[in-house]
Amino acid sequence: MKIILSKAQWEMIGKKAGWTKEARRFYSEEDFEKMIASGDLKMIKETPSSTVYKDEYENTIVTATYVLSYNYKNDPGAGYSFPCDKNGKILFDEMGGGSKNSLKFVKSNLDKFLAPVKEIRTDIESLCNCGSGLPREAKYDARGIFLTYVCPKCEKDKLAKYRPDVLSNPSYEADEPIEPDL
Ligand SMILES: [Zn+2]
């Protein structure tokens with residue numbers, strides 16, 4: 001199976017998400033399908049509740065998870081979401097104790113909630129550019145200035161290019177370039 005998103009759509013998702021480690025957005029199934037346009041996504045893994053894709057172009061891992069959402073009638077922006085399968089059947093095995101209690105609460109207060117809606121929740125993780133296939137993490141110097149993205153595999157090598165005091169001493173001397181020669 002091949003799922004395709006255009007670069008513009010990815011940029012929209014990334015902008016909204018701020019490209020944080022775990023970007024999380026909810027889509028209707030229809031909207032998610034509409035986002036399928038151009039550029040390749042390879043399916044890596046499928047479980048009853050989710051599908052994991054690799055985007056070679058953006059170097060991201062996208063996890064699309066089905067959830068069944070119950071929103072409050074008097075506050076439709078708030079409510080509860082439970083893992084479900086493609087048919088909207090709640091998957092109790094994927095729920096922790098807290099979720100099970102929430103579901104009990106919802107089931108005994110159904111008059112307070114709108115009819116449940118099936119949605120797709122997407123988690124986007126940017127992968128490291130070193131080719132490890134691992135998620136990346138932003139590294140900052142001792143003054144909080146962004147340096148580079150690293151993963152557990154390349155962190156040591158990448159940070160070795162910086163002067164040790166730049167990483168540890170907030171009042172480091174900065175009259176020479178902070179960027180390493182690449
Ligand atoms: Zn890396």
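Two residues count as being in contact here if their C-beta atoms, placed from the backbone, lie within 7 Å. Keep that in mind while we look around this predicted model, starting with one loop residue.

**A leucine in a loop**

Leu 114 sits in the loop between α3 (97-107) and β7 (117-126). Who does it touch? Setting aside neighbours within four places in sequence, Leu 114 is in contact with Asn 71, Lys 73 and Pro 76. Take Asn 71: along the chain, Leu 114 and Asn 71 are 43 residues apart, yet in space their C-alpha atoms are 5.7 Å apart.

Is Leu 114 buried, exposed or something in between? Leu 114 has 14 other C-beta atoms within 10 Å, so it counts as partly exposed. The reasoning is simple: a buried residue needs 20 or more such atoms, and an exposed one has 12 or fewer.

**The hairpin**

Now for two strands, β5 (residues 60-72) and β6 (residues 75-83). They run antiparallel and are joined by 6 bridges. Together β5 and β6 make a hairpin, with 2 residues between them. One bridge pairs Tyr 72 with Asp 75 in β6.

**The nonpolar core**

Which residues make up the largest nonpolar core? There are 10 of them: Tyr 53, Val 62, Ala 64, Tyr 66, Val 67, Leu 68, Phe 82, Cys 84, Ile 120 and Ile 124. The elements giving two or more residues to this core are β5 and β7, and β5 provides the largest share, with 5 residues. As a general habit, nonpolar side chains in soluble globular proteins tend to be buried together.

**The whole chain**

Stepping back, the protein has 5 helices and 9 strands. Going along the sequence, they follow the pattern β-α-β-α-β-β-β-β-α-β-β-β-α-α. Of the 182 residues, 16% count as buried. As for contacts between residues at least 6 apart in sequence, 49% join residues at least 24 apart.

**How sure is the predictor?**

The average pLDDT of the protein is 80, and 73% of the residues score at least 70. Among the elements, strand β1 (residues 2-5) has the lowest mean pLDDT and helix α4 (residues 155-159) the highest. Two stretches stay below 50, and here they are with their contacts beyond near neighbours in sequence:

| Stretch | pLDDT | Contacts in the model |
|---|---|---|
| Residues 1-6 | under 50 | 22 contacts beyond four places in sequence |
| Residues 17-23 | below 50 | 13 contacts beyond near neighbours in sequence |

For comparison, the mean pLDDT is 43 for β1 and 95 for α4.

How values were computed: Residues numbered from 1 in each chain as written. pLDDT = per-residue confidence, 0-100. Helix = DSSP H or I, 4+ residues; strand = E, 2+ residues; numbered from the N terminus. Pairing = 2+ DSSP bridges. Core = buried A, V, L, I, M, F, W, Y, C linked by C-beta atoms within 7 Å.
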